[in-house]
Amino acid sequence: LGYPYFLNGTVVSGFQVGHKLGYPTANLDVNDPCKLIPARGVYAVRVDVDNHTYGGMLNIGCRPTLNNGANRTIEVHIFDFDADIYHHPLRLTFVQRIRPERKFDSLDSLAAQLHRDAAEARALLSLSR
Ligand code: ADP
Ligand code: MG
């Protein structure tokens, strides 16, 4: 991938499953309907929202563990952040791709992978913990 690459959008609501996995994700409705979207997978990103910049881990994909893989979603878990940002504008700046999309046998194994993804994304973004 060539960087810098960014996506601007608005946070929309989903099925509230992120919170259940321990990783709430702000689901993005991309502003530009013609923008080319990167391949499905997990990425370390910078997140600009409410005049602050945070680190985050982004999933682009069809959530094969959670549903039948119908619609693509773009959703980001923001590190060290806890606020309701539904309907807020948000910008994602891509830092590095972490892994391709995968289907897991259980929500537990998905959650375990999310822990590893978070550790890797934090390291790539030079965030502690
Ligand atoms: P939804 O399915 O509606 O996206 P989630 O369970 O994934 O629900 O929760 C996402 C929402 O939680 C976000 O839209 C945001 O308003 C809020 N939120 C709180 N903390 C975070 C965080 N650290 N990262 C992303 N969203 C967060
Ligand atoms: Mg979500």
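In this predicted model, the shell around ligand 1 is made up, by class, of ten nonpolar, eight polar and two charged residues. These 20 residues surround the ligand, and the closest of them are Gly 14, Gly 18, His 19, Pro 24 and Ile 78. Seen by secondary structure, the elements that give two or more residues to this shell are α1 (17-20), β2 and β5, and among the contributors α1 gives the most, with three residues.

Two of these elements, β2 and β5, also belong to the barrel, in which six strands close in the order β1-β2-β5-β4-β3-β6 with antiparallel pairing. From one strand to the next, the twist averages 45 degrees. In general, the strands of a sheet pair through backbone hydrogen bonds, in either a parallel or an antiparallel sense. Within this barrel, β3 and β4 pair in the antiparallel sense over nine bridges, and Arg 46 has Gly 55 in β4 as its bridge partner.

The strands of the barrel lead on to the nonpolar core. The largest such core has 22 residues, and those with the most contacts inside it are Leu 28, Leu 58, Val 76 and Leu 92. At least two residues of this core are supplied by each of β1 (6-12), β2 (26-30), β3 (41-49), β4 (52-61), β5 (73-78), β6 (89-99) and α2 (107-124), while the largest share, six residues, comes from β3. Leu 92 shows how such contacts are distributed along the chain: leaving aside its neighbours within four places in sequence, Leu 92 is in contact with Phe 6, Leu 7, Leu 28, Val 45, Val 47, Leu 58 and Val 76.

Notes: Residues numbered from 1 in each chain as written. Chains lettered and ligands numbered in written order. Predicted model: local features only at pLDDT ≥ 70, side-chain atom pairs only at ≥ 80, totals over all residues. Core = buried A, V, L, I, M, F, W, Y, C linked by C-beta atoms within 7 Å. Buried ≥ 20, exposed ≤ 12 C-beta atoms within 10 Å, placed from the backbone. Helix = DSSP H or I, 4+ residues; strand = E, 2+ residues; numbered from the N terminus. Contact = placed C-beta atoms within 7 Å. Near = placed C-beta within 6 Å. Nonpolar A, V, L, I, M, F, W, Y, C, P; charged D, E, K, R; others polar. Pairing = 2+ DSSP bridges. Axes fitted to C-alpha atoms, helices over the stretch in contact; angles between N-to-C directions.
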